[in-house]
Amino acid sequence: MAEPIAALRTSPVAHLEERMRAAAVTGARGVTLTEWPFITMVNVRVDPASEAADRIEKALGAPLPPKCGLTSTSGPHTILWLGPDEWLVLSQADATAVVAEVREALAEDPGSVVDVSANRTTLELSGPAARDVLEKGCPLDLHPRAFEPGQALSTTVGPVAVLLWQVDDTPTYRLLPRSSFADYLARWLIDAMSEYHGPETP
């Protein structure tokens with residue numbers, strides 16, 4: 001009997017799993033890198049002032065964030081702002097079910113609901129040194145006064161374009177690169193983490 005297609009999927013950085021595990025640092029300068037593969041991602045475009053937007057918010061149980069940098073979360077769904085009329089829904093729920101639910105809420109109104117789950121993967125960088133690692137190649141001001149849990153912005157890390165979402169104040173960051181750039185980004189982060197294995201330079 002043939003295996004289900006889902007069982008044959010391979011994440012963009014699965015081949016680096018052991019290297020990411022070996023790169024982990026513990027202690028006061030700790031930092032870890034892991035992949036969250038196959039997260040449901042649905043791109044939604046709709047007029048935020050429309051009744052359709054209201055219906056979509058009710059379907060997802062969370063508001064569509066009204067401005068750049070904001071996110072909202074309810075149950076398995078987190079919604080990231082991408083533009084004035086565009087959002088990315090991240091979900092632990094099945095992609096087919098999420099798309100069907102949001103398309104039903106959009107109904108015949110102008111807009112679009114597209115499953116883009118294969119377009120990106122998710123890398124999670126976490127630990128006391130996580131911000132220091134990112135600051136080696138991210139132009140954003142990541143100091144807590146400027147960037148805090150619940151915020152997500154489009155930026156670059158090294159030469160790679162990503163959506164950068166700070167999840168908590170550990171700090172933990174989730175980076176969403178295009179799948180085709182995920183290998184490069186993971187290797188870049190592994191290299192940037194390497195100095196934290198040694199003692200801090202006075």
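**Two antiparallel sheets and their packed helices**

In this predicted model, helix α3 (residues 95–106) lies across β2 (40–45), β4, β5 and β6 and runs at about 175° to β6. Helices (H or I, at least four residues) and strands (E, at least two) are DSSP runs, numbered from the N terminus. Axes are lines fitted to C-alpha atoms, for helices over the stretch in contact, and angles run from 0 to 180 degrees between N-to-C directions. Residues are numbered from 1 along each chain as its sequence is written, and side-chain values use heavy atoms, with hydrogens and water left out. Local features need pLDDT of at least 70 and side-chain atom pairs count only at pLDDT 80 or more, while totals for chains, interfaces and linings use all residues.

The strands β2, β4, β5 and β6 that α3 lies across belong to an open sheet of five strands in the order β3-β4-β5-β2-β6, with antiparallel pairing; two strands pair if DSSP finds at least two bridges between them. The edges are formed by β3 (71–74) and β6 (112–115), each with a single partner strand, so one side of each is left without a neighbour in the sheet. From one strand to the next, the twist averages 20°.

Within this sheet, strand β4 (residues 77–83) is joined to strand β5 (residues 86–91) by six bridges, and the two run antiparallel. Here His-77 stands opposite Ser-91 of β5. Strand β5 is also joined to β2, again by six bridges and in antiparallel fashion; Met-41 has Leu-90 in β5 as its bridge partner. On β6, β2 pairs over four bridges in the antiparallel sense, with Val-44 opposite Val-113. Five of the six residues of β2 are buried (under 20% relative accessible area, 1.4 Å probe, protein chains only), so this strand is largely enclosed by the rest of the structure.

Another open sheet of five strands has the order β1-β7-β10-β9-β8, also with antiparallel pairing. Its edge strands are β1 (32–36) and β8 (152–157), each of which pairs on one side only. The twist in this sheet averages 30° from one strand to the next. Strand β1 is joined by five bridges to strand β7 (residues 122–126), and these strands run antiparallel. Leu-125 in β7 is the bridge partner of Leu-33. Helix α5 (residues 182–193) packs on this sheet and touches β1, β7, β8, β9 (160–168) and β10 (172–177), contact meaning heavy atoms within 4.5 Å. The direction of α5 makes about 10° with that of β7.

Technical notes
Buried < 20%, exposed > 50% of the residue type's maximum accessible area, 1.4 Å probe, protein only.
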